[in-house]
Amino acid sequence: MKIRRFTSVFARVIFLLIFSFMIFACQDGKRKDGEEKEEVTDTKKQDKEKTSDVITVVTNAMEFKTKDEWTSGWKTVKYRNNSNETHFILFDKYPEGKGIEDAEKEIGPPFQEGMDMINAGEFEKANVAFGKLPEWFQKVEFTGGVGLISAKSTAQSTFYLEPGTYIIECYVKMANGVFHNTQGMAKEIKVTQADSTDVGITADYTINIAANEGITFNDNVSPGEKIFKVEFGEQKVHENFVMHDVHLVWVDEGADLSKLNSWMNWADPNGLQTPAPEGFRFIGGMQEMAEGGTGYFTAELRPGNYVLISEIPDPQSKGFLKTFSVK
Ligand SMILES: [Cu+2]
């Protein structure tokens with residue numbers, strides 16, 4: 001019999017005027033991730049110096065399969081989503097000395113209680129529950145990751161990892177409203193110190209994203225495999241307690257953008273929950289990171305319409321929904 005246990009919860013809480021949280025998670029304590037291999041390729045690299053490693057992460061159902069120990073530096077994460085649901089990978093760097101057991105003990109219970117209260121519409125009680133989170137939880141840093149990727153698809157993102165302990169997670173919700181990270185989509189990774197590396201990537205296009213400007217992207221985009229560089233300006237905690245990130249989405253002719261817009265808020269009963277809105281296909285992106293951070297993602301583009309969008313409430317009204325065409 002499998003034993004599920006709370007393992008990671010991560011949230012960010014700043015009390016009084018602002019508090020923010022993110023997630024919680026459980027992990028199957030008996031899962032083994034021993035067989036994954038690190039793949040190092042030399043595509044798109046200036047291979048004189050050591051450049052970013054390519055590390056594969058696989059989801060077949062509701063898990064992250066990858067190796068337990070990574071090295072520091074620029075990492076290109078190739079995420080194969082073989083499952084039937086949309087997912088992402090957010091990287092949460094835990095403070096020194098804290099890991100998945102601490103999360104299980106100190107973060108899981110209050111976070112779950114808070115979430116239950118939100119789901120019940122008891123927002124004051126949710127605030128009381130989040131108030132039980134430990135001080136150290138505010139030191140969890142969000143350091144990028146792979147954007148939303150639709151079922152049976154592969155996404156690729158590149159970002160920098162300092163040495164430390166990370167929890168990688170996905171908090172998309174199943175059709176019954178249960179977060180994926182409570183069902184196995186949370187995993188602790190140790191990142192050990194390594195020699196510094198060059199990112200070794202030349203971007204085709206640059207996206208700027210900042211609290212007061214939203215997403216700025218004015219390039220003329222042509223078809224093919226393209227690399228987007230994402231530069232993070234001022235960060236901000238939005239009203240559903242997350243910071244802004246950017247996701248690339250294919251838009252079918254006639255698809256209703258307002259449905260995508262409202263889906264991007266996990267705090268909405270149907271938001272970030274299966275089924276994803278019809279007429280859209282998520283093809284990757286860059287998860288949130290601190291101001292001044294830079295990340296990259298790669299996508300195969302074909303002629304048609306696309307959207308760059310943040311996973312925040314009503315991104316369109318804040319400048320975090322940007323349409324463009326590939327010609
Ligand atoms: Cu997921």
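Is K152 buried or exposed? K152 is exposed, because 10 other C-beta atoms lie within 10 Å; a residue is called exposed if 12 or fewer other C-beta atoms lie within 10 Å of its own, buried if 20 or more do, and partly exposed in between, with C-beta atoms placed from the backbone.

Before selecting anything else, note that this is a predicted model, in which local features need pLDDT of at least 70 and side-chain atom pairs count only at pLDDT 80 or more, while totals for chains, interfaces and linings use all residues. Residues are numbered from 1 along each chain as its sequence is written.

**Stop 1: K152 and N82**

Stay on K152, which is found in the loop between β8 (141–149) and β9 (153–161); strands (E, at least two residues) and helices (H or I, at least four) are DSSP runs, numbered from the N terminus. Although K152 is not a glycine, its phi is positive, at about 55°. Most residues other than glycine have a negative phi.

Now select N82, which lies in the loop between β6 (73–81) and β7 (87–94). Leaving aside its neighbours within four places in sequence, N82 is in contact with V58, T59, N60 and K152, where contact means that the two C-beta atoms, placed from the backbone, lie within 7 Å. If you draw a distance from N82 to V58, the C-alpha atoms are separated by 7.2 Å, although the two residues are 24 residues apart along the chain. N82 counts as partly exposed because it has 13 other C-beta atoms within 10 Å.

**Stop 2: the sheet**

Next, colour the nine strands that form an open sheet with mixed pairing, in the order β5-β11-β10-β7-β8-β16-β15-β18-β19; two strands are taken to pair if DSSP finds at least two bridges between them. At the edges stand β5 (69–71) and β19 (321–326), each with a single partner strand, so one side of each is left without a neighbour in the sheet. Neighbouring strands of this sheet are turned by 25° against each other on average, direction ignored, with the axes being lines fitted to C-alpha atoms.

Begin at the β5 edge, where β5 pairs in the parallel sense with β11 (residues 186–192) over three bridges, and select W70 together with its bridge partner V191 in β11. Moving one strand along the stated order, you find β10 (residues 164–169), which runs antiparallel to β11 and is joined to it by six bridges; here Y166 has I189 of β11 as its bridge partner. At the other edge, β18 (residues 304–309) pairs with β19 in the antiparallel sense over six bridges, and L308 stands opposite K322 in β19.

**Stop 3: E101 in helix α1**

Select E101, which is found in helix α1 (residues 100–119). E101 counts as partly exposed because it has 13 C-beta neighbours inside 10 Å. From E101, draw a line to E188, which is 87 residues away in sequence and 9.8 Å away in space, C-alpha to C-alpha.

**Stop 4: the loop between α3 and β16**

Finish in the loop between α3 (257–263) and β16 (280–286), where P275 lies. A cis peptide bond joins T274 and P275, with omega about 5°. Most peptide bonds are trans. L272 is found in the loop between α3 and β16, and its phi is near 50°, a positive value in a residue other than glycine. Is L272 buried or exposed? With 22 C-beta neighbours inside 10 Å, L272 counts as buried.

Note on methods:
Axes are lines fitted to C-alpha atoms, for helices over the stretch in contact, and angles run from 0 to 180 degrees between N-to-C directions.
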